[in-house]
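Please open the structure in your viewer and keep the selection tool at hand. The tour below goes from stop to stop, saying at each one what to select and what is to be found there.

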There are 2 protein chains.
Amino acid sequence: MFPFRVIDQVSVKQLLDMKHVIELVERAYTLKEQKEASLFPMVFHEFAPGKADMDIKSGHLTGANIFGLKLVSWFGENPAKDLPALVGFVMVLDSDTGVPKGMMSGEPVTLMRTGAAGGIGAKYFARPESENLLLVGCGHLAAYEIMATLITMKHIKKVTVYNANSYEKAATFCATAKEKLQDMFLAPYQDDQELYRTLLDRIEIEYVATDDIRQATEEADIIITATPSHKPIIMKEWVKPGTHFSCIGADMAGKQEIDENLFTTARVFVDDVTQAINVGETKVAVQKGLISKEDIVAEIGSVILGQTPGRLSDQDITIYDSTGIALQDLITADYILKKAEEKGVGTIAQL
Amino acid sequence: MFPFRVIDQVSVKQLLDMKHVIELVERAYTLKEQKEASLFPMVFHEFAPGKADMDIKSGHLTGANIFGLKLVSWFGENPAKDLPALVGFVMVLDSDTGVPKGMMSGEPVTLMRTGAAGGIGAKYFARPESENLLLVGCGHLAAYEIMATLITMKHIKKVTVYNANSYEKAATFCATAKEKLQDMFLAPYQDDQELYRTLLDRIEIEYVATDDIRQATEEADIIITATPSHKPIIMKEWVKPGTHFSCIGADMAGKQEIDENLFTTARVFVDDVTQAINVGETKVAVQKGLISKEDIVAEIGSVILGQTPGRLSDQDITIYDSTGIALQDLITADYILKKAEEKGVGTIAQL
């Protein structure tokens, strides 16, 4: 029999902080580039089109001696049943023996690593002096994308939030954004007064809802899209030179957030070429023949390692297509397990 | 947070009995045929060729309102580390909400449902009066395949066991086979004296090791192959008319147990056409163009439902290629969860 640790959602949240998750996700990207990590094929199933689906992402981190999977379901009608729409778990196993090491709630892992991905995209591809962040979508990911970007980008002065279906939702989000970010993300840094003050300063900026996506796009330095949209929200002709996009929402065939014609002029980077072409924001542009697979400049790991330049000039439009890869989850989960063991958090169950 | 039940290996073993698992696996096959169940694509990864691999099988049982996955690893060097070579788990989730229902040790589920598959193959395709069972391979599956076949076939008088690498291993297995079968499988029937006596009678037969696979093949009515072989062990010219094969071992590209030329004369049945062609015993025959996909008579569910005849005459050679499908695991796991809940077995953990 095999004892293994099970860690619930509240404990997972308490064990993670965004600064650390950003470092972990960068490490996952570079391990992938260095062939010390591999992705297994993704499994996707739609129970009811547009209403309920699930995916299983799995892979192997050779360096960390672990492999595992994350299963995440999305059931759109769950909130009406007082259940979260996203439910999932991550399972981590020892890649020397196949023995389970532990499992944990998948939701906080997903939210944190997905936020980190958006911020890392900005860090490596946006102009360093970027001041205006536009967030498209204000669902459960919004606060995570903003916090990660405020950590990676020092000069953000204004966050504009656009929600295609409801201006009010964006306005409500902005009204309490500072408090929300402080509550959700700053507690882990209370013992490090300097860092705490720095991050509090980063949060103390302007949050503005908009219903004019064209104007917001024209003003933005960095645009993060994190919606379940199935058609483009941002058109090419609105985008000024120098803009960076972190495209987060598209993770299955059919989803799209930005005008596919943007891909013809942008420098395009992805987390994983195969996933980007099959299920990412890049899919439509490749499918329509606007770009080919070879036009993708590189996977982000190569840029982080300094092997491929990111942006070449202040005039470049850059796109980072983050489809979300299992290695982000596994490396984060491995970290959580180590912290949980140190602190004695979680339940030991037997398999 | 979501409470869910975790059931360890010992408890899973205690909750299962072979007669019931045979019924469950038959039900999984028929649900698949009736489109009340679907398989998701299988994920397979080899950590080190011939030394360590893992697969993730997943699917959806519409009828039972569950979906889920089984991850099973095989690490060939584990026994030298005092660990079992096969390690795995099954996770079951609610297909109306995505909420986890429970998880359990995958090893006993796999052994029982794989044994059941071999016995079900005999039940639907072998001649009903079959007396001689030849088991090729005497690894961890051997007792399970024998017990299932003794349950489904009333007239078995002799079990011959062949092990390609070691006659001694087969001889040792046969020397204690009766006691082993009784210990491993009969306890659940102690309250039903009639059934217990019936099964004890079925076990009280001859168990003979052989090192002459040709002669054993010539004598056999039913041949079950359950080895990790990568080349044919049984040649076509040794096989007498009327023989039935349940091919259990081949579950990944490269594995093969019987002469691919047997497929040109046999009536071929499978658990899942796609898996059989991609990873099953059928793969080589199709790959070499000896048969085409259309030559597969049917999936077994169709035969169980009476929609397709199995054997047409006493002279037919029949092959049942059982690759092992997630639905067998999920339906068995769902049954275990219900029994465990009734009996209060397992640990409740939170996700």
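## Charged pairs

Across all chains of this predicted model, the count of salt bridges comes to 34. To see one of them, select A:Glu26 and A:Lys123 and show their side chains, which meet in a salt bridge with 2.7 Å from N to O. A:Glu26 belongs to helix α2 (residues 18-33) of chain A, while A:Lys123 belongs to helix α3 (residues 106-125) of chain A, so this pair ties together parts that lie 97 residues apart in sequence. With a surface display switched on, compare the two partners: A:Glu26 counts as buried, at 11% relative accessibility, whereas A:Lys123, at 38%, counts as partly exposed.

Next, select A:Lys255 together with A:Asp251, whose closest N and O atoms are 3.0 Å apart in another salt bridge. Is A:Lys255 buried or exposed? With a relative accessible area of 15%, A:Lys255 is buried, and A:Asp251, at 22% relative accessibility, counts as partly exposed.

Then move on to A:Glu260 and A:Lys288, where the side chains form a salt bridge of 2.6 Å, again taken from N to O. Here both partners sit in loops: A:Glu260 lies between β14 (256-258) and α9 (262-265) of chain A, and A:Lys288 lies between α11 (282-287) and β16 (296-299) of chain A, so the pair ties together parts that are 28 residues apart in sequence. A:Glu260 is buried, its relative accessible area being 11%, while A:Lys288 is exposed, with 55%. For the last stop among the charged residues, select A:Arg127, A:Glu129, A:Asp221 and A:Lys240, which are joined into one network by salt bridges that share partners.

## Nonpolar cores

Now turn to chain B and select B:Met18 and B:Tyr207, the two residues that touch the most other members of the largest nonpolar core, which has 79 residues. This core draws at least three residues from each of two domains of chain B, namely domain 1 (3-109 + 326-350) and domain 2 (120-321). Keep B:Tyr207 in the centre of the view and look at what it touches: leaving aside residues up to four places away in sequence, its contacts are B:Ile146, B:Leu150, B:Val159, B:Cys174, B:Ala177, B:Lys178 and B:Leu181. Another core, of 77 residues, lies apart from the one just visited, and it can be found by selecting some of its members, including A:Leu24, A:Leu61, A:Tyr144 and A:Ala209.

## Cysteines

How many disulfides are there over all chains? The count comes to zero, and two selections help to show the spacing of the sulfur atoms. Select A:Cys174 and A:Cys138 first: the sulfur of A:Cys138 is the closest cysteine sulfur to that of A:Cys174, yet the two are 7.6 Å apart, which is too far for a bond. A:Cys174 counts as buried, at 9% relative accessibility. In chain B, select B:Cys174 and B:Cys138, where the corresponding distance is 7.5 Å and is likewise too far for a bond; B:Cys174 also counts as buried, at 10% relative accessibility.

## The two copies

Finally, zoom out and colour the model by chain. A turn of 180°, with a shift of 0.0 Å along the axis, lays chain A on chain B with an RMSD of 0.0 Å. The two copies are thus related as by a two-fold rotation axis. The same surface serves both copies, since 100% of the contact residues of chain A recur in chain B.

Technical notes. Residues are numbered from 1 along each chain as its sequence is written. Chains are lettered from A and ligands numbered from 1 in the order in which they are written. This is a predicted model: local features need pLDDT of at least 70, side-chain atom pairs count only at pLDDT 80 or more; totals for chains, interfaces and linings use all residues. Side-chain values use heavy atoms; hydrogens and water are left out. Copies are superposed by least squares on the C-alpha atoms of residues with pLDDT of at least 70 in both. Contact means heavy atoms within 4.5 Å. A salt bridge is a side-chain nitrogen of Lys or Arg within 4 Å of a carboxyl oxygen of Asp or Glu. Helices (H or I, at least four residues) and strands (E, at least two) are DSSP runs, numbered from the N terminus. Buried means under 20% relative accessible area, exposed over 50%, partly exposed in between (1.4 Å probe, protein chains only). A nonpolar core is a set of buried Ala, Val, Leu, Ile, Met, Phe, Trp, Tyr and Cys residues joined through side-chain atoms within 4.5 Å. Domain bounds come from an automatic or database domain assignment. A disulfide is a pair of cysteine sulfur atoms within 2.5 Å.
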